[in-house]
Amino acid sequence: MSVTIPILILAIPLFMFIFLGLCGKKMSHLLAGTLGTLGMGTVLVLAYYTAFNYFFSGQACFINEAGERLQHVIFNTTWLQFTDSLVIKLGFLLDPISAMMLVVITTISFMVHLYSLGYMRDHHGVFEKGFQRFYAFLSLFSFSMLGLVVATNIFQMYIFWELVGASSYLLIGFYYTKPSAVSASKKAFIVTRFADLGFLIGILTLSYYTGTFNFTDLTSVPVEGLADTFRVDLSTPETVLAGISSGAAPIFMGASVLTWALVLIFVGGMGKSAMLPLHIWLPDAMEGPTPVSALIHAATMVVAGVYLVARLFPLYLMENSALVIVTVVGAITAFYAAVVACTQVDIKRVLAFSTISQIAFMMVSLGVARPEYHEGLGYMASMFHLFTHAMFKALLFLGAGALIHAIGSNDYTEMHGLRKYMPITHWTFLIGCLAIAGIIPFSGFFSKDEILSAAGNYSVWVYIWMSLVAFMTAFYMFRLYYLIFWWKEHTVREGHHAPHDQPWTMSVPLIILAAITCVAGFIPFGNLVSWNGEPYDFMAHFDWSIATVSLIVAVAAILLATVMYRKENKLPAKMKNAMPALWRWAFHRFYWDELYMFITHKIIFGCVCRPLAWFDRHIIDGTMDSFAIVTNKASNAIKPLQSGQVQMYVWLYLIGALLLGGITILCLI
Amino acid sequence: MKQEIGLLVIFLLVFLYDTFMPKNSLKALPVVTTLLMVVFTALGFGICYGGNTSAVAAFGGMYETSAVVTAIKNILNIGVIIVLIQSIRWANGELMIMRRGEFYELLLVTLFGMYLMISARHFLLFVIGLECASLPLAAMVAFDKNRYESHEAAVKYILTAVFSSAIFMMGLSFVYACAGSLYFDKIYNALYGEHTAMLVLALAFVISGVGFKLSLVPFHLWTADVYQGAPTSVTSYLSVISKGATAFAFLVILAQVFGSIYSQVWEWMLYALIILTITVGNLFAIRQRNMKRFLAFSSISQAGYIMLGIIAYNTMGVAAMMYYILVYIFSNLAAFGVIGAIENATGKISMDDYRGLYKTNPRLSFAMMLAMFSLAGIPPFAGFFSKFFIFTAAVGQGSVAIYVLVLIALINTIVSLYYYLLVVKAMFISDDECTIARFRSAFSERLGMWIAVAGIIFLGLLSPVYDYLLDLTADSSLLAYFIR
């Protein structure tokens with residue numbers, strides 16, 4: 001495959017960012033938006049072509065004779081060379097998951113570009129302030145995210161990882177005159193940066209002991225072989241000695257260095273993917289424009305953590321404990337987020353917590369994947385769910401955006417009974433809800449079912465736990481659905497015209513995404529993506545009993561939601577009053593934000609920052625101030641020397657010369 | 001020898017033009033001189049690149065030139081060109097009508113004297129060069145006939161200059177008594193390992209004589225009065241060209257004549273002088289409100305930094321010093337260019353008048369800011385790199401004392417940062433209404449400033465310049481004199 005198309009895939013969004021960023025102000029809003037959308041459309045075509053080529057062309061560099069898909073580095077240029085061995089490269093890696101991600105990112109990004117043409121203006125069609133800037137940032141984000149998924153080495157991934165963080169910061173804070181948006185953007189940046197510290201240490205540890213940044217080197221080494229280089233055999237003194245002398249990594253605090261590296265890298269993934277306890281930024285990030293939430297905080301950037309674990313999956317396989325941590329964190333987060341989502345009133349917050357919960361599903365799926373259970377079903381299921389979730393969650397977010405655009409509020413209490421007014425939004429939103437609830441034949445059913453069966457293979461407890469989460473997922477999604485579209489007749493507020501469906505630029509993405517959601521489940525995903533590249537027979541591992549159970553669970557949840565929320569009634573209030581404490585805690589998201597506030601303000605600011613500030617104010621500034629005072633005094637003291645009288649000058653000259661000679665004579669002779 | 005002859009030719013051409021051309025064509029004299037100087041400098045660069053780089057001697061070894069010497073002369077020529085360009089408007093002013101020829105002739109003579117100082121390998125020739133470079137300057141300082149300060153400055157200058165020459169001569173006679181010769185290389189060999197009291201005193205006198213021209217503390221007291229009193233074009237010439245030439249001549253003397261008694265005699269003298277020069281220059285600069293006086297003290301402390309290149313006592317020190325002089329020429333001339341332009345347009349020279357200058361004359365303020373940043377050594381401007389190289393070279397000498405010295409110099413850069421930024425603050429941050437109205441400076445002034453500003457910005461980024469100087473000094477015969 002030639003390098004032209006991969007380079008273009010990265011270059012076009014970057015160019016669009018620079019071009020729109022520099023020249024955007026000078027062109028009309030519509031032209032800037034159209035150019036951005038066209039640019040993304042071109043990238044979409046190129047990415048589809050690349051992915052199609054990778055999966056179906058059958059070229060020898062992409063697939064070997066046994067039918068296994070290969071990792072193929074299209075180009076890899078040296079960017080920074082510190083020493084002979086420490087080299088940072090930038091390149092383009094094509095393998096099943098990066099090809100899949102190319103499709104996901106460009107699809108969603110294009111839809112969002114198109115959608116924003118309609119969304120980012122008011123009811124009279126006037127474009128919002130900073131419209132061009134918005135498109136420039138969208139292009140920057142697309143560039144960063146594409147660069148992240150095609151990274152050939154972990155350092156390149158880190159660079160783009162930070163770039164997506166930065167563009168996410170810029171887009172969350174797009175309405176920079178709104179204080180809540182500004183603080184949300186700062187929060188997102190700080191929390192993810194904090195997690196990235198772990199990521200960086202993990203990268204450095206890993207590369208220090210393996211001597212490479214390259215994914216192809218890290219993951220293609222035979223699994224057993226690499227395990228030996230990390231673990232020190234502690235059985236006899238001789239083996240310890242041999243292990244250390246052969247360069248094997250030492251044990252640190254009871255865990256091998258590989259475990260530490262993988263867990264630290266996972267911490268970075270936790271930050272980006274909003275896993276407990278680093279999830280607090282994602283709900284606040286909903287302050288950004290809704291298309292941004294759809295693109296960054298539902299479909300692409302937040303799954304970067306999952307992608308990272310998947311990328312290094314062969315390494316994770318070597319350390320059972322690291323995978324167990326992934327599973328446990330994922331399972332707790334999934335449950336927590338689902339509970340919180342049942343109580344929120346802001347529709348974007350509900351979707352945000354739902355996103356956290358669904359990403360946690362993917363994490364669990366990776367955590368339970370083992371080659372010995374159904375040949376690594378969990379890995380495939382995780383990637384499958386990533387794909388389907390990106391589509392239907394973007395659909396839900398864009399639908400929510402249409403509602404917010406029509407109503408002018410995020411609060412469902414302002415909506416109710418909208419089904420008659422906004423039919424397109426209603427039907428597409430319903431499809432999204434059915435998909436996330438896991439109703440056959442929508443895409444969510446298939447991917448979630450794979451995850452549940454992978455979990456069931458691993459441990460029955462994980463299976464039950466995740467089924468419970470699935471139940472809650474269906475419940476809160478239909479709660480949201482009914483509260484928006486049913487509950488009671490919509491009352492049009494005084495002075496407002498009735499809400500109506502959106503312009504075509506917003507409807508078309510909704511319809512396309514809904515169509516994808518309807519059919520994506522039938523993609524033979526196992527043939528395309530599997531943990532070791534071997535094609536994976538999907539139906540052979542399909543477990544009808546699990547599928548039936550999960551279908552029953554979903555339907556039961558939907559029925560419960562129907563009973564409670566279809567028509568206005570007292571049942572929800574009763575439920576709330578039955579468990580007031582639980583409800584209050586869930587409504588306040590279990591007080592995580594308050595906990596963080598307590599830790600940062602009371603403990604860190606109070607015990608660490610204040611003494612440091614004192615030190616800075618009094619010791620450092622004091623030194624500088626006294627330095628200035630001494631200088632000033634000295635300057636004042638020697639002022640008389642410059643008297644303006646030539647006699648004085650000459651005297652001083654002579655004395656100076658004599659002293660210079662005299663003192664030297666005294667000292668030397 | 002080619003460069004001296006070339007300079008004499010220019011001098012004669014200017015003299016003939018001034019004497020025999022009709023009165024109405026004399027207005028072109030400044031431009032003609034500048035163009036001649038440009039051609040001459042270009043030819044000088046031709047010598048540097050085209051000709052052979054080995055040392056050439058003349059007058060029985062009294063005179064010597066080499067690639068390094070040609071290079072420093074070229075650097076000075078660049079500075080002279082900028083000074084000439086900047087002075088065109090002043091030279092064509094009403095007061096100067098009868099005397100503009102004299103100004104250029106005197107200037108060329110002093111430049112010739114500086115050439116001799118740099119190339120002399122015998123003290124008699126050196127003294128001729130020194131006087132040649134000193135006495136006409138007094139006349140130049142007095143050029144503003146109508147201003148009382150100009151006369152006062154000239155008188156102060158000539159009196160102290162004569163006194164310092166006397167001391168210098170006395171030092172030379174002591175040297176002759178110790179070594180029995182005035183040839184540099186003979187003195188070098190004769191003094192090997194000696195350190196008698198007379199020799200030390202001789203060196204103190206010699207250093208004070210040269211230090212006077214360099215305005216090292218405590219031989220600097222004339223500087224502020226003269227810089228303030230002299231016409232701005234003369235001040236800029238004094239502060240840049242005269243200083244740069246003397247600094248290099250000082251290096252030649254200390255290395256080629258007294259190099260054999262480096263650690264015995266003059267190393268510690270120079271330490272003391274450098275510390276005093278940098279510190280006292282800074283301490284006085286803080287208090288100045290008159291821009292020319294302010295730059296006088298700033299140039300005193302800059303001379304201290306230039307001396308670091310000598311005390312480094314290695315080839316990198318020589319290269320760093322030449323580079324420093326080059327950058328200093330551009331930075332200081334940018335500052336003097338702005339001062340001169342404002343003085344010519346409004347007659348204002350106080351720092352208080354500069355308050356809020358940004359609002360009325362943003363371009364001038366910007367040029368001034370770059371000059372201040374470069375003088376203070378803020379990256380990425382050239383001044384940062386020149387300071388960096390000269391500190392690196394000094395530290396390369398390796399003794400503990402030099403670390404202390406460099407530390408003191410570094411602390412002094414902080415003080416200097418304060419007063420350089422004072423100017424920037426006055427121009428940019430002050431809210432006051434500026435007393436200087438918006439004006440358009442003459443083309444010649446703008447051209448001079450553009451050249452200087454371009455030098456400030458690009459010299460730091462063009463590493464080949466420094467690399468070239470480094471190669472040059474590494475090849476030069478100076479290396480042989482550096483012994484411990």
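Two residues count as being in contact here if their C-beta atoms, placed from the backbone, lie within 7 Å. Keep that in mind as we walk through this model, which is a predicted one.

Let's start with a single residue. Ser134(B) sits in helix 5 of chain B, the stretch covering residues 123-141. Leaving out residues up to four places away in sequence, Ser134(B) touches Ala161(B) and Lys213(B). Take Ala161(B): this residue is 27 places from Ser134(B) along the chain, yet their C-alpha atoms are separated by 7.3 Å. Is Ser134(B) buried or exposed? Ser134(B) has 21 C-beta neighbours inside 10 Å, so it counts as buried; the cut-off for that is 20 or more.

Now zoom out to the whole of chain B. Its secondary structure comes to 19 helices and two strands. The chain has 484 residues, and 57% of them count as buried. How do contacts spread along the sequence? Looking at contacts in chain B between residues at least 6 apart in sequence, 80% join residues at least 24 apart.

Chain B also meets chain A. That contact takes 30 residues from chain B and 19 residues from chain A. Which elements of chain A give two or more residues to the side touching chain B? They are helix 26 (592-637) and helix 27 (646-668) of chain A. Helix 27 of chain A supplies the largest share of that side, with 12 residues. As for the chemistry, the residues on the side of chain A that touches chain B divide into 12 nonpolar and seven polar, with no charged ones.

Note on methods. Residues numbered from 1 in each chain as written. Chains lettered and ligands numbered in written order. Predicted model: local features only at pLDDT ≥ 70, side-chain atom pairs only at ≥ 80, totals over all residues. Helix = DSSP H or I, 4+ residues; strand = E, 2+ residues; numbered from the N terminus. Buried ≥ 20, exposed ≤ 12 C-beta atoms within 10 Å, placed from the backbone. Nonpolar A, V, L, I, M, F, W, Y, C, P; charged D, E, K, R; others polar.
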